Amino acid sequence: MKPPPFEYVAASSAADVVEALRRYGDEAKVLAGGQSLIPMLALRLARPSALVDINGCRDLDGLAESGGTLTVGALVRQRALEKWGAAHSPLLVEALGWVAHAPIRNRGTVVGSLVHADPASELPALLLCLDGVIVARRKGGERVIPADKLYLAPLTTSLESDEVATAARFTLPPEGAGWGFAEVARRHGDFALVGCAAVLALDGAGAVSHARLGFFGVGGTPVRGAPGEAALMGQQPTAARVAEAAKAAAAALSPDGDIHASAGYRKLVAATLAERVLTAALSRCRRTG
C-alpha cells in the first residue's frame with residue numbers, strides 16, 4: 001500500500017517545525033528517522049495531513065555530556081549514541097544492541113524512539129531508569145518533561161500537538177555504579193516480550209546508595225520497579241535481599257497477556273530478569289565515599 005496524500009514541509013530550523021505544528025496541529029506528523037512512521041504511513045495506520053521533515057534542522061542535532069547529564073538532540077541516530085557509549089557508557093551500548101538491527105539504528109533517531117512510546121521498546125525504559133527528561137518546544141516557550149510524566153499509554157505521550165521534542169537528557173549513572181540489562185524476545189531485533197534494566201551504586205560501607213530498576217514489555221508504558229528499589233536502598237545487597245527486591249518489583253507489575261505471552265508468563269520472566277540485572281549491576285559496582 002501507499003500512504004494517503006499529505007503536504008510535505010521541509011523544515012530548516014526548530015522554529016520552522018514549531019510554526020508548522022502550530023499551523024497543522026493534530027493533523028501533522030514529524031519525520032526524523034522514519035523507521036516507525038514510514039511503515040505506519042504505508043499501512044495507513046497513520047493518516048497525517050502534513051509531514052514535517054526535520055532532517056534539515058541542524059539546530060536539532062548534537063550529542064554532548066556535561067556534569068553527568070547526556071543531552072541527545074532530536075536528529076541524533078541510535079547508531080551515533082551507540083558509538084558514543086562505546087567510550088563512555090556500556091549500559092547504552094548493551095541496550096542499543098537490542099534495538100532492531102544495525103540498518104534500523106543507522107537511520108532511527110533516539111528521540112524519535114523515545115516519543116514513539118512503544119511500551120516494548122528499550123529506550124523509553126532506559127530514559128525512565130536514568131531519570132531522563134524530554135525537552136519540548138512550542139510557540140512561546142519550552143518545557144522539560146520527566147520520563148515518569150511523559151508516558152501515558154501505548155504510543156501515547158504527554159506531548160501536545162503543537163510541541164516538538166527537541167532533545168532528550170539522560171542522567172548518567174553515578175561514579176562507581178554498576179549496571180545490568182536483559183530482555184526476552186522471540187528473535188533478536190524483535191520487540192521485547194519482557195525487558196529489564198538496572199543501575200546500582202554502593203557507598204563506602206557497601207550499602208546501596210543508588211538504585212534504579214526499569215521494566216519494558218510489561219504494560220502500556222515503561223515501568224519503574226519502585227518496590228524493588230526501596231527494598232535495596234540503604235541495605236547491604238546480599239543475594240537473598242536482591243532476590244527479594246526482584247520479586248517485590250515484579251509483584252507490583254500488571255502486564256497484559258496477548259498472542260505472544262500470557263500475563264503470568266511476563267510476570268514470572270520479569271522477576272527472573274530483575275534478579276539477573278540487579279546481580280549483574282552489583283558485580284560491576286565499585287564502592288565510593
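Modeller: Classes first: Ala, Val, Leu, Ile, Met, Phe, Trp, Tyr, Cys and Pro count as nonpolar, Asp, Glu, Lys and Arg as charged, and the others, Gly among them, as polar. This is a predicted model: local features need pLDDT of at least 70, side-chain atom pairs pLDDT 80 or more, while totals for chains, interfaces and linings use all residues. Numbering starts from 1 along each chain, and side-chain values use heavy atoms, without hydrogens or water.

Biologist: How many residues of each class line the second largest pocket?

Modeller: The lining has 9 nonpolar, 4 polar and 4 charged residues. H88, S89, P90, P173 and P174 lie nearest the centre, among 17 lining residues (an atom within 4 Å of a pocket point). Helix 3 (78-88), helix 4 (90-97) and strand 11 (178-184) each give two or more.

Biologist: What makes a space a pocket?

Modeller: A pocket is an open set of points on a 1 Å grid over the protein atoms alone, where a 1.4 Å probe fits, with protein on both sides within 12 Å along at least five of seven lines. The largest has a volume (space filled by probe spheres on the points) of about 1,400 Å³. Its lining counts 50 residues, with V30, S36, G112, V115 and H116 nearest the centre. Helix 6 (a DSSP run of H or I, at least four residues) gives the most, 5 residues.

Biologist: Why do strand 1 and strand 3 count as a pair?

Modeller: Pairing needs at least two DSSP bridges. These strands (E runs, at least two residues) have 4, so they pair, running parallel. One bridge joins E7 to A50. The open sheet has the order 1-3-2; strands 1 and 2 are its edges, each pairing on one side only.
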